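Please open the structure in a viewer with residue selection enabled. The tour below proceeds from one selection to the next and describes what is found at each stop.

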Amino acid sequence: MADRVLQISDGFWNVRGSFKIGGVVDIGTHASLVRRANGKFVWLDAYTLTGDTAREIDALTDGGSAIEAILNLHPFHTVHVRRAHERYPHAKLYGTARHQSKYPELPWESPRTEDAECHALFEEDFAFSVPRGVDFISHNENIHFSSVLAMHKPSNTLHVDDTLMCIKLPKLLGGAHRVSFHPTLAKALERRAGACADFRAWAKELCDQWEGAAHLCAAHTAALTPGRNGGEPIRVRIERALQKADKTLRAHEAKHG
């Protein structure tokens with residue numbers, strides 16, 4: 001899978017990159033470069049830039065000097081963290097608790113990306129949301145459901161890692177893009193009464209607060225823009241994803257309450 005840069009809007013670029021499972025199956029990954037209201041740039045997540053992609057980003061960011069921060073939003077997306085820091089050593093480095101524990105030698109900023117204190121630092125440009133009712137950092141390292149979702153306010157672009165997926169259906173099934181929650185939801189739900197109610201409330205809150213979302217950039221799958229989604233609002237797609245997850249949620253409630 002060749003790296004490419006998608007300009008979602010003026011001030012928001014989504015880098016689609018390569019990530020191979022076992023060095024064979026390429027499921028892709030992503031990171032987003034965003035220009036803030038102050039004219040500086042931030043990365044949402046990290047990726048190792050090379051070739052034409054690196055040159056394109058350098059041209060946008062004055063050789064990288066205009067990048068002021070890197071926000072690592074998914075606890076289990078760690079492959080590119082060190083290289084991104086090495087490329088932009090002057091940029092403030094933010095990460096989740098797992099990023100900080102995995103790379104304690106890196107110069108992490110004290111607020112973690114899942115913390116409200118960190119969100120407040122960037123509130124002029126972004127709104128953030130952390131899923132409720134699910135483990136944010138699972139003890140099972142194969143469960144990658146949770147991440148910090150980021151909404152870029154000026155462009156109404158939702159950047160999300162594994163929590164939400166956008167999959168293009170085969171042509172035989174219409175070729176449309178379908179949004180769903182990550183398939184590890186059943187294992188990510190907290191083993192307690194009320195977890196499903198908290199998750200439903202969070203998902204509905206996401207739809208209500210980010211009703212104006214026009215673009216969805218998801219890791220491993222696709223970037224969904226109005227020109228590619230048939231005009232259906234992102235909110236409707238997330239609501240439908242929640243409906244599809246109802247069977248999973250009901251099964252969990254039957255066991256845990």
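Contact here means heavy atoms within 4.5 Å. The model is predicted, and every value quoted along the way is computed from it.

**The whole chain**

Begin with a cartoon of the full chain, in which eight helices and 15 strands can be traced. Of the 257 residues, 52% count as buried. Among the contacts in the chain with a separation of 6 or more, 57% are made by residues 24 or more positions apart.

**Stop 1: His30**

Select His30, which belongs to strand 5 (residues 29–35). Is His30 buried or exposed? Its relative accessibility is 1%, so His30 counts as buried. Now display the surroundings of His30. Leaving out residues up to four places away in sequence, His30 touches Asn14, Val15, Arg16, Asp45, His159, Val160, Asp161, Cys217, Ala218 and Ala219. Two of these neighbours deserve a distance label. The side chains of His30 and Asn14 are joined by a polar contact of 3.2 Å. In addition, a polar atom of the His30 side chain lies 3.3 Å from the backbone oxygen of Val160.

**Stop 2: Asp45 and Asp62**

From His30, step to Asp45, one of the residues that His30 touches. Asp45 sits in the loop between strand 6 (41–44) and helix 1 (51–60). With a relative accessible area of 3%, Asp45 is buried. Its backbone merits inspection: phi is positive, about 75°, although Asp45 is not a glycine.

Next, select Asp62, in the loop between helix 1 and strand 7 (67–71). Asp62 also has a positive phi, near 55°, and is a residue other than glycine. The relative accessibility of Asp62 is 58%, and Asp62 therefore counts as exposed.

**Stop 3: the loop between strand 9 and strand 10**

Move to Ser138, placed in the loop between strand 9 (126–129) and strand 10 (149–152). Ser138 counts as buried because its relative accessibility is 11%, below the 20% under which a residue is called buried. A polar atom of the Ser138 side chain lies 3.0 Å from the backbone nitrogen of Asn140. Apart from neighbours within four places in sequence, Ser138 is in contact with Phe76 and Ile143.

Then select His139, which is found in the loop between strand 9 and strand 10. At 83% relative accessibility, His139 counts as exposed. Draw a distance from the C-alpha atom of His139 to that of Ala188: the separation is 9.8 Å, for residues 49 apart along the chain.

**Stop 4: aromatic rings**

Show the aromatic side chains. How many aromatic pairs does a search of the whole structure find? The search finds eight. One of them is formed by Phe126 and Phe128, a tilted pair with 5.8 Å centre to centre and 40° between the planes. Phe126 and Phe128 are both buried. Elsewhere, select Phe145, Phe181, Phe199 and Trp202 together, for these residues form one aromatic cluster.

**Stop 5: helices 6, 7 and 8**

Phe199, from that aromatic cluster, leads to the final selection, as it is among the residues of helix 6 that meet helix 8. Show helix 6 (residues 195–209) and helix 8 (residues 246–256), whose axes come within 9 Å and cross at roughly 150°. Helix 6 and helix 8 are therefore roughly antiparallel to each other. On the helix 6 side the contact involves Ala195, Cys196, Ala197, Phe199 and Arg200, and on the helix 8 side Asp246, Leu249, Arg250, His252 and Glu253. These residues divide into five nonpolar, one polar and four charged.

Add helix 7 (residues 234–244). The axes of helix 6 and helix 7 come within 9 Å and cross at roughly 170°, which means that helix 6 is roughly antiparallel to helix 7. Phe199, Arg200, Ala203, Lys204, Leu206, Cys207 and Asp208 in helix 6 meet Arg235, Ile238, Glu239 and Leu242 in helix 7. By class, this contact has six nonpolar, no polar and five charged residues.

Finally, turn to helix 7 and helix 8, whose axes come within 4 Å and cross at roughly 45°. That crossing makes helix 7 oblique to helix 8. Leu242, Gln243 and Lys244 in helix 7 meet Asp246, Lys247 and Leu249 in helix 8. Two nonpolar, one polar and three charged residues make up this contact.

Conventions
Residues numbered from 1 in each chain as written. Predicted model: local features only at pLDDT ≥ 70, side-chain atom pairs only at ≥ 80, totals over all residues. Heavy atoms only, no water. Axes fitted to C-alpha atoms, helices over the stretch in contact; angles between N-to-C directions. Helix = DSSP H or I, 4+ residues; strand = E, 2+ residues; numbered from the N terminus. Parallel < 35°, antiparallel > 145°, perpendicular 65-115°, else oblique. Nonpolar A, V, L, I, M, F, W, Y, C, P; charged D, E, K, R; others polar. Buried < 20%, exposed > 50% of the residue type's maximum accessible area, 1.4 Å probe, protein only. Polar contact = N/O pair within 3.5 Å; in protein donor to acceptor, adjacent residues only side chain to side chain. Phe/Tyr/Trp six-rings, centres within 6.5 Å; stacked < 30°, edge-to-face > 60°.
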